[in-house]
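Here is a friendly walk through one protein chain, written for someone who likes to check each statement against the coordinates. Have the viewer open and follow along.

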Amino acid sequence: AVVSTQSTGIVKLNNNPIPTNFGGGIEVAMFEHAAVASSWWMRVLSSNLWLFSPLISAIMSIKDSTRAQISTTMAFTQISGGVKDNVLPNSASVTINTRLLPGHSIETVTNHIRKVINDPSFEIEVLYENNHH
């Protein structure tokens with residue numbers, strides 16, 4: 001049951017990523033700078049982020065590679081539990097590697113995980129924190 005619970009948590013987090021903050025962060029300068037050398041329609045979009053931010057955010061959120069430019073990301077890198085194939089484990093753990101968007105914090109991530117998982121039996125432990133913004 002513990003492994004099933006962890007798996008359910010992983011699916012919930014995977015299906016509910018941390019919301020983007022597109023249009024309110026460092027990507028604005030990147031888009032404005034890139035617009036100079038872009039096609040006319042990209043210049044229109046980039047010059048009017050106040051209007052087109054929701055559209056650009058939705059498009060960039062489709063693929064993980066572009067989503068990472070506009071949001072804090074989570075990658076499930078390790079999972080462990082039982083030690084024998086015929087014994088149910090008493091506990092299981094999942095390691096999540098996060099890449100923080102400037103303006104986000106470990107607290108942003110842990111709050112999001114708690115909200116999405118919505119199960120008090122889940123324990124969250126920060127293994128490593130690097131705040132080089």
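## A serine in helix H4

Serine 53 sits in helix H4. Keep in mind that this is a predicted model, and that the values quoted below are computed from it. Is serine 53 buried or exposed? Its relative accessible area is 11%, and because buried means under 20%, serine 53 counts as buried.

Which residues does serine 53 touch once its neighbours within four places in sequence are left aside? The contacts are Phe22 and Gly23. Both names are worth remembering, as they return below with another residue of the helix.

## Leucine 49 and its surroundings

Leucine 49 is also a residue of helix H4. With a relative accessible area of 9%, leucine 49 is buried. Not counting residues up to four places away in sequence, leucine 49 touches Phe22, Val28, Phe31 and Ile56.

Glycine 23, a contact of serine 53, can be placed relative to leucine 49 too. The C-alpha atoms of leucine 49 and glycine 23 are 6.4 Å apart in space, while the two residues are 26 residues apart in sequence.

## The nonpolar cores

Which residues make up the largest nonpolar core? There are eight: Phe22, Val28, Phe31, Leu45, Leu49, Ile56, Met60 and Ile70. Helix H2 (27-35) and helix H4 (49-61) each supply at least two of these residues. The largest share comes from H4, with three residues.

Methionine 60 is one of the members of this core. Leaving out residues up to four places away in sequence, methionine 60 touches Phe22, Phe31, Thr66, Arg67, Gln69 and Ile70. A second core, separate from the one above, has seven residues, among them Met74, Val109, Val116 and Ile117.

## H3 against H4

Now to the helix pairs. Two packed helices are described by the angle between their axes and by the distance between those axes. For H3 and H4, the angle is about 105 degrees and the axes are 6 Å apart. H3 is therefore roughly perpendicular to H4.

On the H3 side, the contact is made by Val44, Leu45, Ser46 and Ser47, which meet Leu49, Trp50, Phe52, Leu55 and Ile56 of H4. How do the residues of this contact divide by class? Seven are nonpolar, two are polar and none is charged. Leu45, Leu49 and Ile56 belong to the largest nonpolar core as well.

## H2 against H3

H2 also packs with helix H3 (residues 40-47), at an angle of about 150 degrees and with 9 Å between the axes. The two helices are therefore roughly antiparallel to each other, and their crossing is left-handed.

Which residues meet here? Phe31, Glu32 and Ala35 in H2 meet Met42, Arg43 and Ser46 in H3. By class, this contact of H2 with H3 has three nonpolar, one polar and two charged residues.

## H1 against H6

Helix H1 (residues 2-15) and helix H6 (residues 106-117) pack with their axes 9 Å apart, at an angle of about 115 degrees. Why do they count as roughly perpendicular? Angles of 65 to 115 degrees fall in that class, so H1 and H6 are roughly perpendicular to each other. Their crossing is right-handed.

Gly9, Lys12 and Leu13 of H1 make the contact with His112, Ile113, Val116 and Ile117 of H6. Sorted by class, the contact of H1 with H6 has four nonpolar, two polar and one charged residues. Val116 and Ile117 also appear in the second core.

## Strand E2 and the segment after H6

Valine 94 lies in strand E2 (residues 93-99). At 23% relative accessibility, valine 94 counts as partly exposed. Its contacts, not counting residues up to four places away in sequence, are Gln6, Ile10, Phe76, Gln78 and Ile79. From valine 94 to glycine 81 the C-alpha to C-alpha distance is 8.9 Å, with the two residues 13 residues apart in sequence.

Where is asparagine 118 found? It is in the segment after H6. The phi of asparagine 118 is near 50 degrees, a positive value in a residue other than glycine. At 64% relative accessibility, asparagine 118 counts as exposed.

Technical notes:
Residues numbered from 1 in each chain as written. Predicted model: local features only at pLDDT ≥ 70, side-chain atom pairs only at ≥ 80, totals over all residues. Heavy atoms only, no water. Axes fitted to C-alpha atoms, helices over the stretch in contact; angles between N-to-C directions. Helix = DSSP H or I, 4+ residues; strand = E, 2+ residues; numbered from the N terminus. Parallel < 35°, antiparallel > 145°, perpendicular 65-115°, else oblique. Left-handed = near helix turned anticlockwise from the far one by under 90°. Contact = heavy atoms within 4.5 Å. Nonpolar A, V, L, I, M, F, W, Y, C, P; charged D, E, K, R; others polar. Core = buried A, V, L, I, M, F, W, Y, C linked by side-chain atoms within 4.5 Å. Buried < 20%, exposed > 50% of the residue type's maximum accessible area, 1.4 Å probe, protein only.
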